[in-house]
Amino acid sequence: DLHPMVPGLDALRPHLEPFWADSIDQRGLEGFESQSYPPHAPRTVRADWRPQGRFPGLPEMQAWLDKTGAAIGILNPIYGVQLIFNADMNRAFTQGLNNWVRAEWLERDARLRASIVLPNETEHAVAEIERLAPDRRFVQAMRLVMGEIPHGRRTHWPIYAALEKHGLPLCLHAGSAYRHPVTSLGWVSWYMEDVAAQQQAFQSAVASLI
């Protein structure tokens, strides 16, 4: 479970459709970092993975694979494209994120595999599965465990049918789109409370799927 960090929207720009690449400047977008994984929080990136003056990247990932002797590493990019409410914009930036992972990571080390990060809307998620599943370096599809609608609801079933068609598992990763409070008691005050709330989210997701 490896997390390639997007150093900024400029990194995604070459991998976006032209209209959405232009929207970065037109909308004054600064980034989609999520409070689930604050870029500078100690829990987000190990201290020995933080090179001076830049985000950790492929060299750090390769050094870890070399050190551990791991034959395969699965990339699960945690970048807040799920936080985008506009469905078309959400689709475009999720697609751009997946394109970035393929071009900047998968193409540069044969040991790497990746998750297909899924857009929020069901029809867009199915389309992204169909687009990327033929590339067998994508070995699963990923959603955040806390979304807008419980994972077992019928609206998601076409996604699961597409995954079954291509023989891909679903990965539910810790994190939230923050459409609703992360606990049944409302919003939390501290980052560690958010981390602890993830276990309740996974329990709810399993119950919903069953």
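**Figure 1. Order of helices and strands along the predicted chain.** In this predicted model, the order of elements along the sequence is α-α-α-β-α-β-α-β-α-β-α. The radius of gyration is 17 Å, close to the 17 Å expected from the globule rule for 210 residues, so the chain is as compact as a globular protein of that length. In total, the secondary structure consists of 7 helices and 4 strands. Along the principal axes, the C-alpha atoms occupy a box of roughly 45 × 40 × 40 Å.

**Figure 2. Burial, contacts and charge in the chain as a whole.** Buried residues make up 48% of the 210 residues. Among contacts with a separation of 6 or more, 74% join residues that are 24 or more positions apart. The exposed area of the chain is about 10,900 Å², of which carbon and sulfur atoms contribute 55%. There are 20 positive and 23 negative side chains, and the centres of these two sets are 4 Å apart.

**Figure 3. Surroundings of His151 in the loop between β3 and α6.** His151 belongs to the loop that runs between β3 (138–146) and α6 (157–166). Its relative accessibility is 4%, and because the limit for a buried residue is under 20%, His151 counts as buried. The His151 side chain reaches the backbone oxygen of Leu144 at a distance of 3.2 Å. Beyond its neighbours within four places in sequence, His151 is in contact with Arg143, Leu144, Val145, His156, Tyr160, Leu172, Ala205, Ser208 and Leu209.

**Figure 4. Arg111 and its polar contact with Asp66.** Arg111 is placed in the loop between α4 (87–104) and β2 (112–117). With a relative accessibility of 21%, Arg111 counts as partly exposed. The side chains of Arg111 and Asp66 make a polar contact at 2.8 Å. Leu65 lies 46 residues from Arg111 along the chain, and the C-alpha atoms of the two are separated by 8.4 Å. When neighbours within four places in sequence are left aside, the contacts of Arg111 are Gln62, Leu65, Asp66, Ala70, Ala71, Ile72 and Gly73.

**Figure 5. Tyr178 and Thr183 in the loop between β4 and α7.** Tyr178 is located in the loop between β4 (170–176) and α7 (191–209). Most residues other than glycine have a negative phi. Tyr178, although not a glycine, has a positive phi of about 60 degrees. At 16% relative accessibility, Tyr178 counts as buried. Thr183 also has its place in the loop between β4 and α7. A polar atom of the Thr183 side chain lies 2.7 Å from the backbone oxygen of Gly186. Not counting residues up to four places away in sequence, Thr183 touches Val188, Ala197 and Gln200.

**Figure 6. Ala47 in the loop between α2 and α3.** The loop between α2 (18–26) and α3 (58–68) contains Ala47. Ala47 has a relative accessible area of 68% and is exposed. Asp10 is 37 residues from Ala47 along the chain, and the C-alpha atoms of these two residues are 25 Å apart.

Key:
Residues numbered from 1 in each chain as written. Predicted model: local features only at pLDDT ≥ 70, side-chain atom pairs only at ≥ 80, totals over all residues. Heavy atoms only, no water. Helix = DSSP H or I, 4+ residues; strand = E, 2+ residues; numbered from the N terminus. Rg over C-alpha atoms; globule rule 2.2 N^0.38 Å. Buried < 20%, exposed > 50% of the residue type's maximum accessible area, 1.4 Å probe, protein only. Contact = heavy atoms within 4.5 Å. Areas by Shrake-Rupley, 256 points an atom, 1.4 Å probe, with all protein chains shown as cover. Lys, Arg positive; Asp, Glu negative; His and termini not counted. Charge placed at Lys NZ, Arg CZ, Asp CG, Glu CD. Polar contact = N/O pair within 3.5 Å; in protein donor to acceptor, adjacent residues only side chain to side chain.
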